[in-house]
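Welcome, and please get your viewer ready for a short walk through one chain. We will stop at a handful of places, and at each one you will hear what to select and what is there.

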Amino acid sequence: MRLVILGAPGAGKGTQATLLAEFYHCPHVSTGEIFRRAIAEGTELGREADRHISKGRLVPDDITIELVKQRIEEPDCEHGFILDGFPRTRSQAIMLDQMLEEKHLGLDRAILLELEEEEIYHRLANRRVCSNCGATYHLDSLPPKVPGICDVCGSSLIQRADDNVETIKERIVIYHELTAPVLSYYEEQGSLLVINGEGDIDEVHKRIVSNLETRSLRANDSC
Ligand code: AP5
Ligand code: MG
Ligand code: ZN
């Protein structure tokens, strides 16, 4: 399965991509996570990415496209992937198609998770992430077993540096400005699947899977 997950900040891309990756046995490729890891490691890529991410802006296309190119060349992506947060500009979408065409492959679906802006703020204000493994929690809907501690690895939970009101506002503006053309791009191709992102995590997951199965281009596909 080759899927792209689109949606505003906090729409649930990472949460649903993790579940879909388990369901379809594919790697979950999140450009945001790759950048955050690079920032934590203090690499050159991390320093460059941080300059943009901390302001809520996009990392330049040339850097992001090259990174994804390398990542999807890795053997674990050979039979599929769940791309979370990429593409985010029309140029990135065109490049992704070109990369896949060169391998005589195509995307199965681009899934758009739709969510009201008020709920976006509620989700992001209450999100906590593991400082070590990146696992994501929510104080109301997905709390850790022990407050402030990651269930997976026992490290401390933190708020993401870009989860402050000012940066969230900018991320939403950028989403409408630069990522909206990506939605029309996939709509024109007939591959956009719009999913209501409201409801609990499991409910949204089931909604996505049942939509994929009923409208599947290739039945019983997995990777
Ligand atoms: P990225 O990390 O992709 O951030 P984002 O797009 O702003 O999205 P988020 O990760 O904030 O939200 P999400 O949709 O994953 O929601 P989540 O599942 O966590 O990118 C960060 C930055 O990196 C960008 O701003 C940009 O600078 C740069 N970047 C990344 N990709 C790039 C690209 N392609 N080009 C250029 N720059 C790029 O859910 C949110 C919260 O809600 C969590 O707490 C979760 O537990 C909870 N939750 C989820 N679903 C539900 C539910 N159904 N009910 C209740 N709670 C829920
Ligand atoms: Mg995310
Ligand atoms: Zn952890």
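Start by selecting His104, which sits in the loop between α5 and β4 (109-114). Helices (H or I, at least four residues) and strands (E, at least two) are DSSP runs, numbered from the N terminus. Look at the backbone here: phi of His104 is near 60°, a positive value in a residue other than glycine. His104 counts as exposed because its relative accessible area is 74%. On this tour, buried means under 20% relative accessible area, exposed over 50%, and partly exposed in between (1.4 Å probe, protein chains only).

A word on what you are viewing. This is a predicted model, in which local features need pLDDT of at least 70 and side-chain atom pairs count only at pLDDT 80 or more, while totals for chains, interfaces and linings use all residues. Residues are numbered from 1 along each chain as its sequence is written, chains are lettered from A and ligands numbered from 1 in the order in which they are written, and side-chain values use heavy atoms, with hydrogens and water left out.

**A second histidine**

Next, select His25, in the loop between α1 (13-24) and β2 (28-30). Its phi is near 55°, again a positive value in a residue other than glycine. With a relative accessible area of 61%, His25 is exposed.

**The whole chain**

Now zoom out and switch to a cartoon view. You should find eight helices and eight strands. The radius of gyration is 17 Å, close to the 17 Å that the globule rule gives for 223 residues, so the chain is as compact as a globular protein of that length. That radius is taken over C-alpha atoms, and the rule is 2.2 Å times the number of residues to the power 0.38. Along the principal axes, the C-alpha atoms fill a box of roughly 45 × 40 × 35 Å.

Colour by burial if you can: 46% of the 223 residues count as buried. A surface view shows about 11500 Å² exposed, with carbon and sulfur atoms supplying 50% of it; accessible areas come from the Shrake-Rupley method with a 1.4 Å probe, and for residues only the protein chains shown count as cover. Among contacts (heavy atoms within 4.5 Å) with a separation of 6 or more, residues 24 or more positions apart account for 70%.

**Into the core**

Which residues touch the most other members of the largest nonpolar core? Select Val4, Leu6, Phe81, Leu83, Leu96 and Tyr186, which do so within a core of 35 residues. Such a core is a set of buried Ala, Val, Leu, Ile, Met, Phe, Trp, Tyr and Cys residues joined through side-chain atoms within 4.5 Å. Helix α7 (residues 165-189) gives the largest share of this core, seven residues. Apart from it lies another core of 18 residues, including Met1, Ile5, Tyr24 and Val209.

Stay with Phe81 and show its surroundings. Not counting residues up to four places away in sequence, Phe81 touches Met1, Arg2, Leu3, Cys26, Pro27, Val29, Ile72, Leu100 and Leu107.

**A cis peptide bond and a buried glutamine**

Move on to Pro87, in the loop between β3 (81-84) and α5. The peptide bond from Phe86 to Pro87 is cis, with omega near 0°.

From there, select Gln92 in helix α5 (residues 90-102). Is Gln92 buried or exposed? At 3% relative accessibility, Gln92 counts as buried. Leaving aside neighbours within four places in sequence, Gln92 is in contact with Asp61, Thr64, Ile65, Phe86 and Pro87.

**Along helix α7**

Select Arg171, in helix α7. This arginine is buried, with a relative accessible area of 11%. Beyond four places in sequence, its contacts are Pro9, Gly56, Leu124, Arg127, Arg160, Asp162 and Asp163. Draw a C-alpha to C-alpha distance to Lys55: the two are 116 residues apart in sequence and 8.3 Å apart in space.

Glu117 makes a good next pick, in helix α6 (residues 117-125). Glu117 counts as partly exposed at 41% relative accessibility, and, leaving aside neighbours within four places in sequence, is in contact with Ile172 and His176.

Finish at Gly190, in the loop between α7 and β8 (192-196). At 52% relative accessibility, Gly190 counts as exposed.
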